[in-house]
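Student: Hi! I'm new to this one, can you walk me through it?
Tutor: Sure, here it is.

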Amino acid sequence: MNRASTSTTPHVVDHLIIGAGFGGLCAAIKLDEDGERDFVVIEKGADVGGTWRDNTYPGAACDVPSQLYSFSFAPNPDWSMSYSPQPEIQAYIRKVADRSGTLDRFVFDTEVTGATWDESAQRWLVETRSATGGTASYAARTVIAAAGALSEPKLPDIDGIGDFAGQIFHSARWDHTADLDGKRVAVIGTGASAIQIVPELQERLAATGGHLDVYQRTAPWVIPRNEHHYSRLEKAAFRHLPGLQRLVRTAVYWGRELYVPAFTWQPRLAAPAKAAARRNIATGIDDPDLRAQVTPDYEIGCKRILISNAYYPALAADNVEVVTDRIERITADSIRTADGTERPIDVLIVATGFYTTDLPISHRVRGRATSSRPARLMSERFAETGTAAYKGTTVPEFPNFFFVVGPNTGLGHSSMVFIIESQVRYLTEAIRTMRAHDYATVEPSETAFAEWNDDLQRRLAPTVWLSGGCSSWYLDEHGRNTTLWPRTTYTFRGLLRDFDLDAYVVTGPSRSTPAAGPSARTSVPSTQEVNA
């Protein structure tokens with residue numbers, strides 16, 4: 001579905017979803033199942049998939065087991081291995097979308113340029129622009145922002161980067177036409193994407209006479225990738241005995257939950273993981289000086305723990321140099337470091353992450369006015385309160401606006417799909433409540449918002465993410481963790497199991513007056529009904 005022409009009359013819809021990755025697709029499917037079929041999904045890309053559509057760099061794969069990194073309601077018996085590569089994950093998302101019967105309400109190649117709350121109409125006025133320049137607007141009762149935290153690539157702030165005359169691209173926007181053979185290539189960054197890219201580049205450049213410089217600001221902890229390739233027999237068993245796959249998924253889930261105390265309570269519990277990471281370095285690198293360069297000086301878990309069997313051997317290869325000196329400037333054809341060394345390069349690849357603590361969508365959403373101030377952008381509110389939401393999902397001053405993968409919902413140990421399903425259940429419960437009682441708006445109270453986030457920050461204070469001695473993308477410019485959830489995922493699900501109306505300010509008729517219409521219910525459904 002595409003609307004390339006310019007439209008001046010808003011399309012009136014009940015729900016508008018931003019993003020067609022795991023989060024947006026899950027929201028669309030569950031709304032549709034709940035009878036809420038009047039929705040539209042706005043996606044800036046040409047297909048579903050989100051980060052798995054965009055990140056096509058060599059070696060791209062998930063670092064969470066596939067049995068868990070999939071929808072609970074759409075198991076995939078055909079995963080080829082325990083940590084699936086990007087093409088398989090994208091194919092899975094596409095298959096789920098095709099089978100969902102919701103794609104007729106997806107608008108691709110279209111970006112949300114702004115969303116403004118209309119108090120008189122009690123709807124969101126959402127402006128969009130297509131890739132061909134056409135514009136359209138929507139008047140939506142609710143907005144569900146599911147763009148995700150890893151959607152907007154972040155370029156490094158380095159002097160002269162705009163002067164570089166060779167090919168330059170971000171890992172999340174890989175240029176497959178780039179001629180890398182025999183070239184001098186530089187990779188800036190040593191995060192989750194870089195450790196997958198580097199081994200692939202090293203091998204290709206070694207075969208063609210090229211050279212690779214890896215610019216490391218902070219060494220990551222990298223543990224072995226305990227990969228398992230599923231046999232045809234195992235796939236057949238998963239296909240014909242779905243209970244077996246559910247059992248495997250459950251075992252993987254609880255195994256990952258055992259990591260939580262090491263992150264949130266006692267970092268010493270991660271000693272076995274640190275020992276495994278040190279063995280991984282020793283196995284992959286013989287040179288003691290290089291070993292020292294790539295050994296982190298902070299607690300394991302402070303930054304994301306990475307997995308790879310190939311990263312350290314690649315760094316030790318003859319055609320690779322690890323550079324730890326600070327980059328001073330990028331010239332037209334080289335990188336100059338603080339020690340005065342200038343290394344010539346032909347291609348520059350930046351693997352420097354995404355805007356995670358400064359959510360891009362927040363700069364485009366303007367909420368309602370209050371008694372003390374005019375309507376403001378969500379980013380303006382975040383500048384005052386920090387990037388924060390109630391239960392990672394809703395924000396005061398922004399009625400009927402729901403995040404999927406919002407502030408402090410990220411994980412350092414398990415699958416974000418579990419979090420996504422939990423948030424989608426919460427927001428569908430909210431919409432059911434609105435239907436049942438004919439509420440025009442729901443908005444978290446400032447008191448509920450403050451209590452939730454004060455508790456979050458108290459729980460985050462002793463975690464390894466704040467006390468482990470590192471600086472990471474988990475933290476904002478004030479050193480505040482606005483990214484991660486500091487408890488177990490089953491606790492998160494329990495706290496979002498039901499829509500807690502008492503924490504919200506509502507407008508509309510009294511609770512005793514049910515809504516009319518095909519989507520209305522005479523009472524708020526139980527949790528058992530939600531899972532039926």
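Student: Which exposed residues does the face of α11 turned away from its buried side carry?
Tutor: That face of α11 carries Ala383 and Glu384. Exposed means over 50% relative accessible area, buried under 20%, and partly exposed in between (1.4 Å probe, protein chains only). Helices (H or I, at least four residues) and strands (E, at least two) are DSSP runs, numbered from the N terminus.

Student: Anything I should know about the model itself?
Tutor: This is a predicted model, where local features need pLDDT of at least 70, side-chain atom pairs count only at pLDDT 80 or more, and totals for chains, interfaces and linings use all residues. Residues are numbered from 1 along each chain as its sequence is written, and side-chain values use heavy atoms, with hydrogens and water left out.

Student: Back to α11, which residues are buried there?
Tutor: In α11 (residues 378-385), the buried ones are Met378, Ser379, Arg381 and Phe382. They sit on the same side of α11, because they cover an arc of only 155° around the axis. That arc is the one made by the directions from the helix axis to the C-beta atoms.

Student: And what covers them?
Tutor: The cover includes β17 (365-366), β18 (401-403) and α13 (446-460). Contact here means heavy atoms within 4.5 Å.

Student: What follows α11?
Tutor: Gly386 does, and its phi is positive, near 85°.

Student: OK, new helix. How far apart are the end C-alpha atoms of α8?
Tutor: They are 20 Å apart, which agrees with the 20 Å that the 14 residues of α8 (residues 271-284) should span at 1.5 Å a residue. The expected span is 1.5 Å times one less than the number of residues.

Student: Which residues of α8 are buried?
Tutor: Ala276, Ala277, Asn280, Ile281 and Gly284. Their arc around the axis is only 140°, so they lie on the same side of α8.

Student: Why would residues three or four places apart point the same way?
Tutor: Because an α-helix has 3.6 residues a turn.

Student: What do the buried residues of α8 pack against?
Tutor: They pack against β10 (222-223), α9 (288-294) and α10 (311-315). The face of α8 turned away from the buried side has Pro272, Arg279 and Thr283 exposed.

Student: Switching topic: how many salt bridges are there?
Tutor: The count comes to 35. A salt bridge is a side-chain nitrogen of Lys or Arg within 4 Å of a carboxyl oxygen of Asp or Glu.

Student: Which residue does Arg94 pair with?
Tutor: Arg94 meets Asp47 in a salt bridge, 2.3 Å from N to O. Arg94 lies in helix α3 (residues 86-100) and Asp47 in the loop between β2 (39-42) and α2 (51-54), so the pair ties together parts that are 47 residues apart in sequence.

Student: Is Arg94 buried or partly exposed?
Tutor: Partly exposed, with a relative accessible area of 26%.

Student: What about Arg204, which residue is its partner?
Tutor: Asp181, with the closest N and O atoms 2.8 Å apart. Arg204 is in helix α4 (residues 194-208) and Asp181 in the loop between β7 (167-170) and β8 (184-188), so this pair ties together parts 23 residues apart in sequence.

Student: Which residues do shared partners join into one network?
Tutor: Salt bridges that share partners join Arg373, Arg376, Arg381, Glu384, Glu397 and Glu446. You've met two of those names already: Arg381 is buried in α11, while Glu384 is exposed there.
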